[in-house]
Amino acid sequence: MSATPLPPLGQPPPPPGTDGAGGLPPPPGTDMTGICFRDQLWLNSYPLDRNLVFDYFAISPFYDITCNNESLRSRQIHPLDMSHLTKMTGMEYVLSEVMEPHLFVIRKQKRESPEKSSAMLAYYILDGSIYQAPQLCNVFASRISRAMHHISKAFTVACSKLEKIGNVETESDAAASESKTQKEAIDLKELKRIDHILSSLKRKIGAAPPPPPYPEGYVPPSAEQEKAPDDVLASEAPPQLDPIIDQGPAKRPRFQ
């Protein structure tokens, strides 16, 4: 096992939870939501329960040694003893939620009197890893920013889809108009062709023959009767007999 090198004379030892090679961790109370702490050697040596969880939290960079809990530890008193913490004023840590051995929630608060204290920050230990809980305003800002990003992306995709649909409709309308124009042109050509055929047939066949003469005894209607209204003609003139159909019974030949 490699030993941790001692610091040079005249310099204080590195704080718990650091190896002394890198820079010092940020001071407690600042935004440290981007880091976590885990000491596997400590977890392998001690059980993580409500009695020893504060000792594990005290070796992390999230711990502030100026708290009232450190004063109790120096006097060999359990650092989470509320009977002593309520008699003190200042900054302190309390254990608010416990789900042994997986989850422990530690709240940092400022005590002004035995009955009054205001919360400052919260930390949680999840399966041996210590995290700083983000503040509610930061959570809302992050969620709103993420929602706005996805909404903007959705509108961009929708606009691109609409542009593609518009282009397809324009192309389809243009194709339909072209096909309609072609169809009209084809119909006009067919009409001219039929007219040409009919005119050539008319020249070959000639003019139509005159109508046959009226049969004997048939009197055609006069011009005055043609000009008279239909109801007057129907009331005054008797019904005309068709010269072809209404000729009475056919005459039969006599056989002797």
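**Exercise 1. Work out how much of the chain is buried, and what its surface is made of.**

*Solution.* Start with the count: of the 256 residues in this predicted model, 16% are buried. A residue earns that label when its relative accessible area is under 20%. Next, turn to the outside. The accessible surface of the chain is about 20300 Å², and carbon and sulfur atoms account for 59% of that surface.

**Exercise 2. List the helices and strands, and read their order along the chain.**

*Solution.* Begin with the totals: the chain has 7 helices and 5 strands. Then walk along the sequence, and you will meet the pattern β-α-α-α-α-β-β-β-β-α-α-α. Finally, look at how distant parts of the sequence meet. Among contacts with a separation of 6 or more, 40% are between residues 24 or more positions apart.

**Exercise 3. Put the strands of the sheet in order and find its edges.**

*Solution.* Step one is the order. The sheet is open, and its 5 strands run β1-β5-β4-β3-β2 with antiparallel pairing. Step two is to find the edges. A strand that pairs on one side only is an edge strand, and here these are β1 (36–37) and β2.

**Exercise 4. Compare the two hairpins, β2 with β3 and β3 with β4.**

*Solution.* Take β2 and β3 to begin with. Their pairing is antiparallel and covers 9 bridges, and the hairpin they form has 3 residues between the strands. To see the pairing residue by residue, find Met91, which stands opposite Lys110 in β3. Glu92, in turn, faces Gln109 in β3.

Now move on to β3 and β4. This pair is antiparallel over 9 bridges, and 5 residues separate the two strands of the hairpin. Here you can look for Phe104, which is opposite Ile125 in β4.

**Exercise 5. Which peptide bond is cis, the one from Glu100 to Pro101 or another you can point to in the β2–β3 loop?**

*Solution.* Check the omega angle: for the bond from Glu100 to Pro101 it is near -5 degrees, and this bond is cis. Then place the proline. Pro101 sits in the loop that links β2 (90–99) to β3 (103–111).

**Exercise 6. Examine two residues with positive phi, and decide how exposed each is.**

*Solution.* Go through them one at a time.

- Gln76 is not a glycine, yet its phi is positive, near 60 degrees. You will find Gln76 in the loop between α3 (68–74) and α4 (82–85). Its relative accessibility is 73%, so Gln76 is exposed, since the cut-off is over 50%.
- Asp127 is also not a glycine, and its phi is positive at about 55 degrees. Asp127 belongs to the loop between β4 (117–126) and β5 (129–132). Because its relative accessible area is 44%, Asp127 counts as partly exposed.

**Exercise 7. Is Ser129 buried or exposed, and what does it touch?**

*Solution.* First, locate the residue: Ser129 is in strand β5. Second, read its accessibility. The relative accessible area is 10%, which means Ser129 is buried. Third, look for partners. Apart from neighbours within four places in sequence, Ser129 is in contact with Phe37, Arg38 and Tyr124. With Arg38 there is a side-chain polar contact of 3.1 Å.

**Exercise 8. Find the largest nonpolar core and say which elements build it.**

*Solution.* Count its members: the largest nonpolar core has 22 residues. The residues with the most contacts inside it are Leu48, Tyr56, Phe57, Tyr93 and Ile125. Now ask where the core comes from. At least two residues each are supplied by α1 (40–45), α2 (53–58), β2, β3 and β4. The largest share is that of α2, with 5 residues. You have already met one core member: Ile125, the residue of β4 opposite Phe104.

**Exercise 9. How many disulfides does the structure hold, and how exposed are Cys36 and Cys159?**

*Solution.* The number of disulfides is 0. For the two cysteines, read the accessibility values in turn. Cys36 has a relative accessibility of 47%, so it is partly exposed. Cys159 stands at 43%, so Cys159 is partly exposed too.

Methods. Residues numbered from 1 in each chain as written. Predicted model: local features only at pLDDT ≥ 70, side-chain atom pairs only at ≥ 80, totals over all residues. Heavy atoms only, no water. Disulfide = S-S within 2.5 Å. Buried < 20%, exposed > 50% of the residue type's maximum accessible area, 1.4 Å probe, protein only. Helix = DSSP H or I, 4+ residues; strand = E, 2+ residues; numbered from the N terminus. Polar contact = N/O pair within 3.5 Å; in protein donor to acceptor, adjacent residues only side chain to side chain. Contact = heavy atoms within 4.5 Å. Pairing = 2+ DSSP bridges. Core = buried A, V, L, I, M, F, W, Y, C linked by side-chain atoms within 4.5 Å. Areas by Shrake-Rupley, 256 points an atom, 1.4 Å probe, with all protein chains shown as cover.
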